[in-house]
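Visitor: I should like a close look at one part of this model, namely the sheet that is formed by the earliest strands of the chain, together with whatever adjoins it in sequence. Please then place that part in the context of the chain.

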Amino acid sequence: MSVTVRNVTRNYGMQKALDGVSFEIPAGCITGFLGPNGAGKSTMMKIITGYIPATSGTVLVNGIEVGPDNIELKRRIGYLPENNPLYPEMYVREYLGFVASLYMKGAAVKSSVERVIEITGLAPESRKRIGELSKGYRQRVGLAQALINDPDVLILDEATTGLDPNQVVGIRNLISEAGRSKTVMLSTHIMQEVEAICDRVIIIDRGVIRADDTRVNILKMMSRRGMTVEVEFGGEPDVASLAAVPGVASVTRGRGREFIVEPAGDADIRPAIFSWAVAASLTVLSMRLQENSLEEVFRHVTGNR
């Protein structure tokens with residue numbers, strides 16, 4: 001199922017959390033939804049799930065408008081909020097059975113509970129109280145409740161916050177697997193997570209969409225700004241002289257004898273750097289282009305340099 005957001009605005013009193021936001025997520029796509037704290041990510045996700053209404057604008061799921069009274073459409077959306085609200089006094093199976101009973105009846109409840117316990121790896125902890133679980137397993141319980149009704153659309157808000165590296169990998173694998181058959185929208189601050197599992201990236205800042213494209217095209221944004229070079233010399237260079245090389249915008253020191261050379265334009269400045277080093281009787285121990293990263297794009301489009 002596709003998700004279409006058209007000119008959505010949300011006001012909290014005089015504060016505008018979302019300002020004319022529009023985007024579309026195609027069916028079967030895992031989309032990373034990125035932005036600084038307070039950018040409007042959680043607000044947008046709550047509007048998509050029908051948890052809160054937009055002040056103006058429209059949200060469509062598979063062509064059907066989302067609204068507070070559209071219960072049938074909400075059945076097709078799974079949602080894991082940022083704070084993962086759970087009942088710590090309940091047992092895992094008890095809680096999941098309770099959630100399942102909101103969507104279905106009879107034997108389907110038990111069948112759905114067993115299904116999500118298996119796919120989220122909760123079996124070893126399934127007879128414990130939720131309050132006795134580690135943070136990683138509590139996140140798995142939250143993900144299990146979002147999947148209990150086998151939704152077509154899965155909205156995950158900061159699903160891996162506070163987890164250790166092994167737990168992050170586990171949740172990441174679950175999201176990747178869910179993305180094979182569902183439309184997934186994932187809010188996160190972990191750029192490596194987006195680079196690892198997302199097909200599409202949307203960056204929002206101050207309630208406005210700043211970038212929206214495939215992950216590959218988003219990363220190309222930095223390539224078009226020029227090719228930063230990391231170069232290590234065998235001796236100490238004259239930084240002012242290197243910075244004066246045609247095509248060089250700036251030179252900063254990295255680790256040890258490594259220097260970061262920023263280009264003034266889009267041209268490859270490596271030949272000019274090498275020629276300068278030869279003329280200065282300096283040995284070039286290594287020279288490589290800096291790899292583009294989603295973190296660089298994020299900092300660039302949100303103005304957080």
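Guide: The account below begins with the chain, turns to the sheet in question and then follows the sequence onward.

The model is a predicted one. Its chain contains 11 helices and 14 strands, and the C-alpha trace spans about 80 × 45 × 35 Å along the principal axes. Of the 305 residues, 46% are buried.

The sheet you ask about is open and consists of 4 strands in the order β2-β1-β4-β5, with antiparallel pairing. At its edges stand β2 and β5 (64-65); each has a single partner strand, so one side of each has no neighbour in the sheet. At the β5 edge, strand β4 (residues 56-61) and β5 are joined over 2 bridges in the antiparallel sense. Leu60 has Glu65 of β5 as its bridge partner.

Two asparagines in this region deserve attention for their backbone. As a rule, most residues other than glycine have a negative phi. Asn7, although not a glycine, has a positive phi of about 50 degrees, and Asn62 likewise has a positive phi, of about 55 degrees, without being a glycine. Their settings can be stated separately. Asn7 is part of strand β1 (residues 3-12), whereas Asn62 belongs to the loop between β4 and β5. With a relative accessibility of 48%, Asn7 counts as partly exposed, because that class lies between 20% and 50%. Asn62, at 43%, is partly exposed too.

The other edge strand, β2, leads to an aromatic contact. The structure holds 5 aromatic pairs. In one of these pairs, the ring centres of Phe23 and Phe33 are 5.9 Å apart and the ring planes stand at 45 degrees, so the pair is classed as tilted. The class follows because the angle is neither under 30 degrees, as stacking requires, nor over 60, as an edge-to-face pair requires. Phe23 lies in strand β2 (residues 15-25) and Phe33 in strand β3 (residues 30-34), so this contact ties together parts that are 10 residues apart in sequence. Both partners are covered: Phe23 has a relative accessible area of 5% and is buried, and Phe33, at 0%, is buried as well.

From β3 the chain continues through a loop to helix α1, and Pro36 lies in that loop. Pro36 has a relative accessible area of 17%; this residue is therefore buried, the limit being 20%. Pro36 can also serve as a reference point, since Pro88 stands 30 Å from it, C-alpha to C-alpha, at a separation of 52 residues in sequence.

Helix α1 (residues 41-48) is mostly covered, with 6 of its 8 residues buried. The buried residues are Lys41, Thr43, Met44, Met45, Ile47 and Ile48. In general, residues three or four places apart in an α-helix point the same way, because there are 3.6 residues a turn. After α1 comes Gly50, with a positive phi near 80 degrees.

Beyond this sheet, strand β6 (residues 77-80) is covered on both faces: Ile77 and Tyr79 are buried on one side, and Gly78 and Leu80 are buried on the other. This arrangement can be read alongside the general rule that side chains in a regular strand alternate between the two faces of the sheet. In contrast to the antiparallel pairing of β4 with β5, β6 and strand β7 (residues 153-157) run parallel, joined by 4 bridges. Ile77 stands opposite Val153 in β7.

Further aromatic contacts also occur outside your region. Tyr87, Tyr95 and Phe98 are linked into a cluster by ring pairs. Elsewhere, Arg140 lies over the face of Tyr137, 5.7 Å from the ring centre.

For comparison, another open sheet of 4 strands has the order β12-β13-β11-β14, and its pairing is antiparallel. Its edge strands are β12 (248-253) and β14 (284-289), each of which pairs on one side only. From one strand to the next, the twist in this sheet averages 20 degrees. Within the sheet, strands β11 (residues 229-233) and β13 (residues 258-263) run antiparallel and are joined by 4 bridges.

How values were computed: Residues are numbered from 1 along each chain as its sequence is written. This is a predicted model: local features need pLDDT of at least 70, side-chain atom pairs count only at pLDDT 80 or more; totals for chains, interfaces and linings use all residues. Side-chain values use heavy atoms; hydrogens and water are left out. Rings of Phe, Tyr and Trp (its six-membered ring) pair if their centres lie within 6.5 Å; planes under 30 degrees apart count as stacked, over 60 as edge-to-face and the rest as tilted. Buried means under 20% relative accessible area, exposed over 50%, partly exposed in between (1.4 Å probe, protein chains only). A charge sits over a ring if NZ of Lys or CZ of Arg is within 6 Å of the ring centre and within 35 degrees of the ring normal. Two strands pair if DSSP finds at least two bridges between them. Axes are lines fitted to C-alpha atoms, for helices over the stretch in contact, and angles run from 0 to 180 degrees between N-to-C directions.
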